[in-house]
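Here's a quick walk through how the pieces of this fold pack together. Have the viewer open while you read.

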Amino acid sequence: MAVPRSPRLDAAAEEVARTAAAAPDWAALATAARGCLACPELAAARQHVVVGDVPVGGRPRLVLVGEAPGATEDGTGRPFVGRSGALLDQLLAEAGLDRAEAAVLNVVKCRPPGNRTPKAPEVARCSGWLHRQLDLLDARVVVALGLSSAKWFLGPRTVLAAVRGRPHEVDGRAVWATYHPSAAIRFGPNGAPRAGLLADLRAVAGAL
């Protein structure tokens, strides 16, 4: 059985992991995460720690995991509420999935400056939060949106084209890796990432 392989932990990452593991519920975890200072560059530049959205009704049908917040997400404190979020909502609906029944998270909870890709130490320091979130949510199906998220679950050598389109068992969960909505926007409405993302979401809906 595979487990997520996070980058090597430093002292800050180990402290986050201990703090997150000690959180008894989602509210306690969110409170602790909002005060996180493990990544000084990210903490100094952020407006909000984007902990994630969870269904009002309790346990989600699935968990969607992206890379990191963008500018709109940093400003609002909520994940996937900018252009990528609007497209994600549209494609979820086309696939027969309801975002209200999903938890929506990111690998890294603070916006990297300039929307750059999170650095390996940042991913490692934030991993404790995501590990505990997945444990608390106890969802059996996870959709990893984009390569950074896919690598968090499936390992650093992951090639998205080679792993998408089917579930992978990771720590007792079915993990589906697919394109990030931002790639679908970048390549346009007729591009392969949008078509692939929709096809993968439909496959997830069928599996559910």
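In this predicted model, helix 2 puts W26, L29, A32 and A33 up against W129, R132, Q133, L136 and L137 of helix 6. Sort that contact by class and you get seven nonpolar residues, one polar and one charged.

How do helix 2 and helix 6 pack, and at what angle? Helix 2 (residues 26–34) sits at about 165 degrees to helix 6, and the axes are 10 Å apart. The cut-off for roughly antiparallel is over 145 degrees, so helix 2 counts as roughly antiparallel to helix 6. As for handedness, the two cross in a left-handed way.

Now for the sheet. It's an open one, with five strands ordered 2-1-3-5-4 and mixed pairing. Strand 2 (102–106) and strand 4 (167–170) are the edge strands; each has a single partner, so one side of each has no neighbour in the sheet. From one strand to the next, the twist averages 25 degrees.

Zooming in, strand 1 (residues 62–66) and strand 3 (residues 141–145) run parallel and are joined by three bridges. V65 has A144 in strand 3 as its bridge partner.

Two helices pack on this sheet, and here's how they lie:

| Helix | Strands touched | Angle |
|---|---|---|
| Helix 6 (residues 120–137) | strand 1, strand 2, strand 3, strand 5 (173–178) | about 170 degrees to strand 2 |
| Helix 7 (residues 147–154) | strand 1, strand 3, strand 4, strand 5 | about 135 degrees to strand 3 |

So helix 6 has contacts with helix 2 as well as lying across strands of the sheet.

Terms used:
Residues are numbered from 1 along each chain as its sequence is written. This is a predicted model: local features need pLDDT of at least 70, side-chain atom pairs count only at pLDDT 80 or more; totals for chains, interfaces and linings use all residues. Side-chain values use heavy atoms; hydrogens and water are left out. Two strands pair if DSSP finds at least two bridges between them. Helices (H or I, at least four residues) and strands (E, at least two) are DSSP runs, numbered from the N terminus. Axes are lines fitted to C-alpha atoms, for helices over the stretch in contact, and angles run from 0 to 180 degrees between N-to-C directions. Contact means heavy atoms within 4.5 Å. Angles under 35 degrees count as roughly parallel, over 145 as roughly antiparallel, 65 to 115 as roughly perpendicular and the rest as oblique. A crossing is left-handed if the near helix is turned anticlockwise from the far one by less than a right angle, and right-handed if clockwise. Ala, Val, Leu, Ile, Met, Phe, Trp, Tyr, Cys and Pro count as nonpolar, Asp, Glu, Lys and Arg as charged, and the others, Gly among them, as polar.
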